[in-house]
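Thank you all for coming; I would like to walk you through one structure this morning. Please have a look at the sequence and the model before I begin.

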Amino acid sequence: MGYCMRGEGVRAFERCLSTTVPRQAQVPDTQIRQPGNSDVTEKQVDVKTIKAVFGDGTTSTYPHVWLRENCTCKSCFNSDAIARLFLIDDLCLDIRPNDAQVKGGNLHVEWSDGHLSTYTGKWLHERAFTPEARAKRRSRYMLSRHEEHDQVRSRKEGRKEKERKRPTFPIRANRPSLNRPVAHESDSKVRWGSGFQVPRLNFQSAMEEDQVLLDWLVQLEKFGVVLVEDAPTRVGTINDFIDTLGFIKSTHYGQDYEIINQITPNNLAYTGSKLGLHTDMPYYEYPPGTTWLHCIRQHEGKGGANVLSDGLNATELMKEIHPQHYATLVTTPIYFQDKGFQIYDFDKITKTTTIELDEQGKLKRLHTSSQSRDSIMDLTPEQILAFYSALKTFNNTLYEHSIEMKTKPGDILVLDNSRVMHSRTAFDPSTAKGPRHLHNAYIDWDELRSKRRVLQDKLGVSLT
Ligand code: OGA
Ligand code: ZN
Ligand code: ZN
């Protein structure tokens, strides 16, 4: 369906590094009163964490990186879309408070990057990292289990955390040369990095000739990205193409949706803001297998390009160069969420690791997005610190080995959403260089691989 927009009410995105950002989310001090259960009554600042004491006598420790990334001000978080605006790209791992104050039951922090944050006691209390608080939250997130079971889990938490830390797969510690040739065979998939030339093919030929379509499907499976050129600039073209392959993958945004700049944008995608490297819909247990971005109209000024990075290449590099961080990303479960109304009310939550492996220890699927990674985490503060270090290293690796391309009207960029991450560079939609308009749809790998096999049989082609 047309004109489906994700989330609601995102306003202009502001960088969080300015020293002049006002205390927008600051709650005014109230009169002297008895602290409520979730009011912060005291704080203790340590090297990497802040410990908060609450009115109900409970305490919780919050890592600086987690607090900074999850600042709730309008510049960092869109409360209508329930989506983070602050990107992992802009998070410094050594962020620390220059000043921290408890006022009116809330925690106010002035960060070393100059940003000012206010965290209400309620917000912090809801996100406490104690075993009890985490066990309680699990029942909302994953349907209530037997109470006794949760309590048993809480008691066993310490031991389980330790077990979870231990990687359960072999790690190759040998360091490869970073200057290795870009393409490297791993089964049928070919790793790529910066300098990679995206395979291209003509829309009409793919629609009309089985052999071209088969080649296209094979290339997509191998490289995780193909650019289809010279397609009509009509909304619905990708639906027609997908119809020749199998059924489209519907999501709670419908069968497809449009990425158009809006005067009052209701999602970060509909502004000119930068989008960080991400996979689409990581809050689905089975995220769409492939993402299709059809350029109807491109912004003619600076920006609006797509940065692409091969997650297969980056995860292999992580395994080889940063095995501990790799282990963390393979073993640390995190939540992704998306809540709102589109065609119906939705409240999607998935708990998964950043790197999901198959039964042979090979990459199965990547899940990452600054926008929809949940601030609620079922982890200890120590695990959270390890997770941020690993994620930041992964993000840096992805960018280091990325390519950038700006699609033109009639281009359809098709991406393996389990593997190739995509982002968008910032652009100014208000200039005379014109608006930008993309049309987006999904189809799963089940359909694409099925089509490939059908064509192989039909054409009598066997692939090695
Ligand atoms: C998205 C997205 C890319 C673009 O909306 O998820 O990746 O080029 N958009 O706007
Ligand atoms: Zn902020
Ligand atoms: Zn996307």
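Let me start with a question: is His 422 buried or exposed? His 422 is buried, with a relative accessible area of 6%, where buried means under 20%, exposed over 50% and partly exposed in between, computed with a 1.4 Å probe on protein chains only.

Before going on, I should say that this is a predicted model, in which local features need pLDDT of at least 70 and side-chain atom pairs count only at pLDDT 80 or more, while totals for chains, interfaces and linings use all residues. Residues are numbered from 1 along each chain as its sequence is written, chains are lettered from A and ligands numbered from 1 in the order in which they are written, and side-chain values use heavy atoms, with hydrogens and water left out.

His 422 brings us to the zinc ion (ligand 3), whose protein donors are His 278 (NE2), Asp 280 (OD) and His 422 (NE2), lying 2.1 Å from it. Donors are N, O and S atoms within 2.8 Å of the metal (3.2 Å for Na, K and Ca), and since water is not among the atoms, sites may look incomplete. In sequence these donor residues are spaced H-x1-D-x141-H. Asp 280 lies in the loop between β14 (275-278) and β15 (290-297) and His 422 in strand β23 (residues 420-424), so the pair ties together parts that are 142 residues apart in sequence. Helices (H or I, at least four residues) and strands (E, at least two) are DSSP runs, numbered from the N terminus. Asp 280 is buried as well, with a relative accessible area of 5%.

Turning to the sheet, three strands form an open sheet in the order β1-β2-β3, with antiparallel pairing, and two strands pair if DSSP finds at least two bridges between them. The edge strands, each pairing on one side only, are β1 (40-45) and β3 (59-63). Five bridges join β1 to β2 (residues 49-54), and Glu 42 has Val 53 of β2 as its bridge partner. β2 and β3 likewise pair over five bridges, with Ala 52 opposite Ser 60 in β3. These two strands form a hairpin with four residues between them, and Gly 57 in the turn has a positive phi of about 90 degrees.
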